[in-house]
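Ready for some practice in reading a protein model? Take a look at the structure below, then work through the exercises one step at a time.

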Amino acid sequence: MTKNAFKCLYIYGVFSAVTLVTVAALTILGDTASTFMWVRAVILLAVAPLLHRLLTRAEAGSRTSLDRVRTITTIMPIAIIGVDLIPGLCPPWYAVMQGLSAIPLVAVAFLTRAALAERP
């Protein structure tokens, strides 16, 4: 479980970093990026190390950390996609990039749910 979950978290982190770099690059090139886009890209990237730390603790046997990872990775994709569906809040390319970053989180949610079912 954890090896695949860590891989998914790395993929999530890469997608989040690419989104932040894209926002920065477009801003440097003269395109406009809203404060919402900047803040959201930074926050979603900052969550990756937190999830990694929680998953490391879960791998060491912490049921509480495993439950937290499961909860966060279950709620975050719903929140990410839900916010992306609000018309006019962010451009379509940004919504797609953020939506792609949610896919690995769904995989982590499934992996951690299975791990919780296996633990006594």
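**Exercise 1.** In this predicted model, decide whether aspartate 67 is buried, partly exposed or exposed.

*Solution.* Start with the value: aspartate 67 has a relative accessibility of 32%. Next, recall the cut-offs: buried means under 20%, exposed means over 50%, and partly exposed is in between. Aspartate 67 therefore counts as partly exposed.

**Exercise 2.** Find the salt-bridge partner of aspartate 67 and describe how the two residues are placed.

*Solution.* The partner is arginine 70, and the closest N and O atoms of the pair are 2.6 Å apart. A salt bridge needs such atoms within 4 Å, so the pair qualifies. Both residues sit in helix α3, three residues apart, which means about one helical turn separates them. Arginine 70 has a relative accessible area of 18%, so it is buried.

**Exercise 3.** A search of the whole structure finds two salt bridges. Work out which parts of the chain are tied together by the one between aspartate 84 and arginine 40.

*Solution.* First locate the partners: aspartate 84 lies in helix α3, while arginine 40 belongs to helix α2 (residues 35–59). The pair therefore ties together parts that are 44 residues apart in sequence. Then check the contact itself: the closest N and O atoms are 2.6 Å apart. Finally, look at exposure: aspartate 84 and arginine 40 are both buried.

**Exercise 4.** Check whether the span of helix α3 agrees with its number of residues.

*Solution.* Helix α3 covers residues 63–84, which makes 22 residues. The expected span is 1.5 Å times one less than that number, so α3 should span 32 Å. Its end C-alpha atoms are 32 Å apart, and this agrees.

**Exercise 5.** The structure holds one aromatic pair; classify its geometry.

*Solution.* The rings belong to tryptophan 93 and tyrosine 94, with centres 5.7 Å apart and planes at 90°. Planes over 60 degrees apart count as edge-to-face, so this pair is edge-to-face. As for exposure, tryptophan 93 is partly exposed at 28%, whereas tyrosine 94 is buried at 0%.

**Exercise 6.** Say which helix gives the most to the nonpolar surface patch.

*Solution.* List the members: Ile11, Phe15, Val96, Leu100 and Ile103 make a patch of about 430 Å². Helices α1 (2–28) and α4 (92–118) each supply at least two residues. Helix α4 gives the most, with three. One residue in α4 is isoleucine 103, which is exposed, with a relative accessible area of 53%.

Technical notes: Residues numbered from 1 in each chain as written. Predicted model: local features only at pLDDT ≥ 70, side-chain atom pairs only at ≥ 80, totals over all residues. Heavy atoms only, no water. Helix = DSSP H or I, 4+ residues; strand = E, 2+ residues; numbered from the N terminus. Phe/Tyr/Trp six-rings, centres within 6.5 Å; stacked < 30°, edge-to-face > 60°. Buried < 20%, exposed > 50% of the residue type's maximum accessible area, 1.4 Å probe, protein only. Patch = residues over 30% accessible without salt bridge, like charges linked within 9 Å, V, L, I, M, F, W, Y side chains within 5 Å. Areas by Shrake-Rupley, 256 points an atom, 1.4 Å probe, with all protein chains shown as cover. Salt bridge = Lys/Arg side-chain N within 4 Å of Asp/Glu carboxyl O.
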